[in-house]
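Please take me through this model in the viewer, one selection at a time. Say what to pick next and what is to be found there.

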Amino acid sequence: MTACSCSGSRDVRVLPGALSLILISAWFLSPAAASAEENIFGANVCGYTRVYLPPSNGLVLAAMNFRPFDPTLLGVFGTNQLRSGFFASAADKVIFWDPATQQYQQYALRNTDWQFHGCRNAQQWTNAPMNVALSNGAAFWIQSPNSSTTTNAIVFMGQAVESAGYSSGMISGLQMRCYGLSSEINIQDTHFAADGATPYILYSQADRINVWTNGGYMSYALKDDGKWYPARNLPEWMLSPPTSNVFQLGQGFWYQARNPFVWTETNQYSRNL
């Protein structure tokens, strides 16, 4: 699998070969190491994607499209990617949406023990560390502290998903999701419509996807022709052609389902691994 293109606020590489782990480490030290990416081969395919967190309460809706080598907060972020703090207010936060409780769960890196702690309240912050799991297919917010003044580049890396497909149960209501395979995909090429997503002539009654980009949401809904259309307002819904939005590596999104269904996708790159 050759190197992918870069797009927007995300830099993407998918690296062939088990030795790419060594190459990734070299990339942190020297960007010139990337020139050797396409010449390394081995048993596994590894890759990385990089997202950029704006300063001063900035947000990025991120995602894990690889199988992490260590599927925990510490394993994915380490201790030197996110800003840490003695107080949670000084640290970058990783924020998960719990659809069962309809609440956010928040975690940050405390610089007294270099462990992740819950930070929804002061009691959580002083409690024992919570190195929760963060597996392939996870989507989550990352938020910078109000005091921050610089953009933070954050790298996700792991093995490319090698399974023949991906499936995820969708509940009625809101949920954070991402494309669970290690590639980008056009929203029109997803299997949502075929798998049971609800289309409708009115966007307010159809399944919707909200994508956070450039500090605001783009919204899409499924029309009764089985295609996704921009849906932030009625004129946009009525007058716009079908969207060509692409879910990038490292990009999560909100999905609002009208009815439960099982979302499945077929691995389109497995024959190239």
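Select residues 93–98 and 139–143, which are strands E4 and E7 of this predicted model. The two strands pair in the antiparallel sense, over three bridges. Now show the side chains of Ile95 and Trp141: Ile95 stands opposite Trp141, which belongs to E7.

Widen the selection to the sheet around this pair. E4 and E7 belong to an open sheet of five strands with antiparallel pairing. Reading across, the order is E3-E7-E4-E5-E6. From one strand to the next, the twist averages 30°.

Go to the edges next. Strand E3, residues 59–63, stands at an edge, and so does strand E6, residues 115–118. Each has a single partner strand, so one side of each is left without a neighbour in the sheet.

Leave the sheet and select Gly75, Val76, Gln81, Val155 and Met157. Which pocket has these residues nearest its centre? They belong to the lining of the second largest pocket, which is made up of 13 residues. About 200 Å³ of space lies in this pocket.

Colour helix H2 (73–77) and strand E8 (152–159): these are the elements that give two or more residues to the lining of the second largest pocket. H2 supplies the largest share, three residues.

Last, colour the lining of the second largest pocket by residue class. Eight of its residues are nonpolar, four are polar and one is charged.

Technical notes. Residues are numbered from 1 along each chain as its sequence is written. This is a predicted model: local features need pLDDT of at least 70, side-chain atom pairs count only at pLDDT 80 or more; totals for chains, interfaces and linings use all residues. Side-chain values use heavy atoms; hydrogens and water are left out. On a 1 Å grid over the protein atoms alone, a cavity is a set of points where a 1.4 Å probe fits but cannot get out, and a pocket is an open set with protein on both sides within 12 Å along at least five of seven lines; lining residues have an atom within 4 Å of a point. Grid points are joined across faces, edges and corners, and a volume is the space filled by probe spheres set on the points. Helices (H or I, at least four residues) and strands (E, at least two) are DSSP runs, numbered from the N terminus. Ala, Val, Leu, Ile, Met, Phe, Trp, Tyr, Cys and Pro count as nonpolar, Asp, Glu, Lys and Arg as charged, and the others, Gly among them, as polar. Two strands pair if DSSP finds at least two bridges between them. Axes are lines fitted to C-alpha atoms, for helices over the stretch in contact, and angles run from 0 to 180 degrees between N-to-C directions.
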